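Thank you all for coming. I would like to walk through one model with you, so please keep the sequence and the coordinates open while I talk.

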Amino acid sequence: MFIAIPLENKPSWRSPPWMTVLLIIINCVIFWGWQAPEEHAVEKAAQQYAQTALPTLELPPFLNYLEEQVAQGSKRFDQHTLQTVRKLYQHKAYAQLYALLWQEKKFRQRLLYGQVITASHPRHAQWQAARATFAPHEPRGSFTERWSMSYENGAGWQPLQAFTSIFLHGSTSHLLGNMVFLFLFGFTLELALGAFTYLAFYVIGGIGASLFALMFYAGMGGYGLGASGAISALMAMYAVMYRMRRIRFFYMLLFYFNYASWPALIMLPVWMGVELLQHLLGGKQVAYMAHFGGLLAGSLLMWSYMRLQTVAAPVNEEEQAQAAARPLAEAVARAQRHTDALEFGRAAPAWREAARLAPSDPAILRAWFESSRHQPASEDFHAAARRIFKLPATTDAERQLQLASYRSYQQRAQPGMRMSADTMHGLVRSFVRLGALPEAEKLCRSLHKLADHPQWPASLLLLVNGMAQAGRIQDAKAWLPVLQQSAPEEALTRWLAQQH
């Protein structure tokens, strides 16, 4: 047994895979709404059947029928199956044998038409009476058989059942296993193709898988059902979409499992080879050629579609973020090595490169500023200061960084500070919020010379209001003449004019 599960992407709530979820819901509703109750009805009838006289009458000819099938080279039954049935009969496991008899449409029809236990049979009357008594307890029809692909002789192509069979399942484990793989491959393809193109390809791939399997299993009896053919189509579409891009897979081979990164397209011939090998080894209970047909249909569908239209394969956002962060981590490590070695002339350009990759990272900007302050006339020193002063200053930590850097910059910058009026206004707001009023006031004195700046009234009002709230009324009143000139109608101006 070989299983390979992609681990490349995760579902996103920004683009939820609602069509994949809807398909899962439909499959579950059909199974538990119709198939499971039918299965329960067969199990209940089987228990009642075991308590009648019918098993000793009907099961011996049923065993003979199975022996004939095996002798004729039946593709469905082999010696192992026959031995299992004989053991069940020997141990009087009549209920289990009834479930098998129920599925054998050909034998069952002959039995009910009186062609197995004929009128010449010595216990024919007893059989008729037992049958008449049991008949009301027997399931009337088979929902699963009606909507599955029939592999009986002369069944034909069955285009309707080729569609309906992809929504049916043989057991709870069959259903759950398929739904897990449907989700794992489906949500990525839905994101890449769009909900309705994805749905169309799912259905077409499933129908193609059903009809492909019919070419190999027609005449062997029984029926085919399950979403695995359509899911195989999704697997092939996934491989063709990603082509030679390496995808992280979890894989299991027999009892060994591990993780590996393989080119996605390499998995297509591997999957197809595994299905073909299992078919050739004689698997009869699993429609391996439906899986093979789904892989073939899915690969042709996606290849044709990608010839007509570009398909953007979803990327692993986590790995993409890690890849984007890798150059930054390398730049920071390189800059830190120069800093630790006190090679500030080499550290400043290295931190500048790191700041280019992370222009709003306070820690990197601080390191750039600190390494370049040893050369106060350098462009790095002025550029690092400007970058810090332009931080959004939404937290006290950023404001403290701006304040500390401003004080150092003010003392060291050669030949002097280089700041635009916009930057200075931003620092006034930051310093007032931090309570650093002397620095804010000094900036405002410089800005007073540029009083025609559109931010000037707001910055001045903020400074004066900060002084008033700090109890520095006399310092605030010193700005009253400027306020009366720049913001005469403001409430703060009128209030300050009334103070004595």
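**A covered helix, a crossing and two buried residues**

I will start with helix 4, whose buried residues are Tyr94, Ala95, Leu97, Tyr98, Leu100, Leu101 and Trp102. That makes seven buried residues out of the ten in this helix, which spans residues 94-103, and helix 4 is accordingly described as mostly covered. As for what does the covering, the elements over those buried residues include helix 1 (18-50), helix 2 (54-71), helix 3 (79-90), helix 5 (105-112) and helix 6 (124-134).

Before going further I should say that this is a predicted model, with an average pLDDT of 89 for the protein chain and 96% of the residues scoring at least 70. Confidence is lowest in helix 14, residues 317-340, where the mean is 78, and highest in helix 8, residues 159-164, where it is 96. As a general caution, where pLDDT is low, the predicted coordinates should not be read in detail.

Let me now return to helix 6, because His124 has its place there and, at 14% relative accessibility, counts as buried. If we leave aside the neighbours within four places in sequence, His124 is in contact with Ile117, Thr118 and Ala119.

A second buried residue is Ser150, which belongs to strand 2, residues 149-150. Is Ser150 buried or exposed, given its relative accessibility of 19%? It counts as buried, because the cut-off is under 20%. Again leaving aside neighbours within four places in sequence, the contacts of Ser150 are Ala155, Gln158, Leu214, Gly222 and Tyr223. Ser150 can also be placed relative to Ala162, which is twelve residues away in sequence and, from C-alpha to C-alpha, 9.5 Å away in space.

My last item is a helix pair, and here the question is at what angle helix 18 and helix 20 cross. The axes of helix 18, residues 396-412, and helix 20, residues 437-448, come within 11 Å and cross at roughly 55°, and the two helices are therefore oblique to each other. The crossing of helix 18 and helix 20 is left-handed. On the helix 18 side, the residues that meet the partner are Leu403, Tyr406, Arg407 and Gln410, while helix 20 contributes Glu439, Lys442 and Leu443. Sorted by character, the residues of this contact between helix 18 and helix 20 divide into three nonpolar, one polar and three charged.

Methods
Residues are numbered from 1 along each chain as its sequence is written. This is a predicted model: local features need pLDDT of at least 70, side-chain atom pairs count only at pLDDT 80 or more; totals for chains, interfaces and linings use all residues. Side-chain values use heavy atoms; hydrogens and water are left out. pLDDT is the predictor's confidence in each residue, from 0 to 100. Helices (H or I, at least four residues) and strands (E, at least two) are DSSP runs, numbered from the N terminus. Axes are lines fitted to C-alpha atoms, for helices over the stretch in contact, and angles run from 0 to 180 degrees between N-to-C directions. Angles under 35 degrees count as roughly parallel, over 145 as roughly antiparallel, 65 to 115 as roughly perpendicular and the rest as oblique. A crossing is left-handed if the near helix is turned anticlockwise from the far one by less than a right angle, and right-handed if clockwise. Contact means heavy atoms within 4.5 Å. Ala, Val, Leu, Ile, Met, Phe, Trp, Tyr, Cys and Pro count as nonpolar, Asp, Glu, Lys and Arg as charged, and the others, Gly among them, as polar. Buried means under 20% relative accessible area, exposed over 50%, partly exposed in between (1.4 Å probe, protein chains only).
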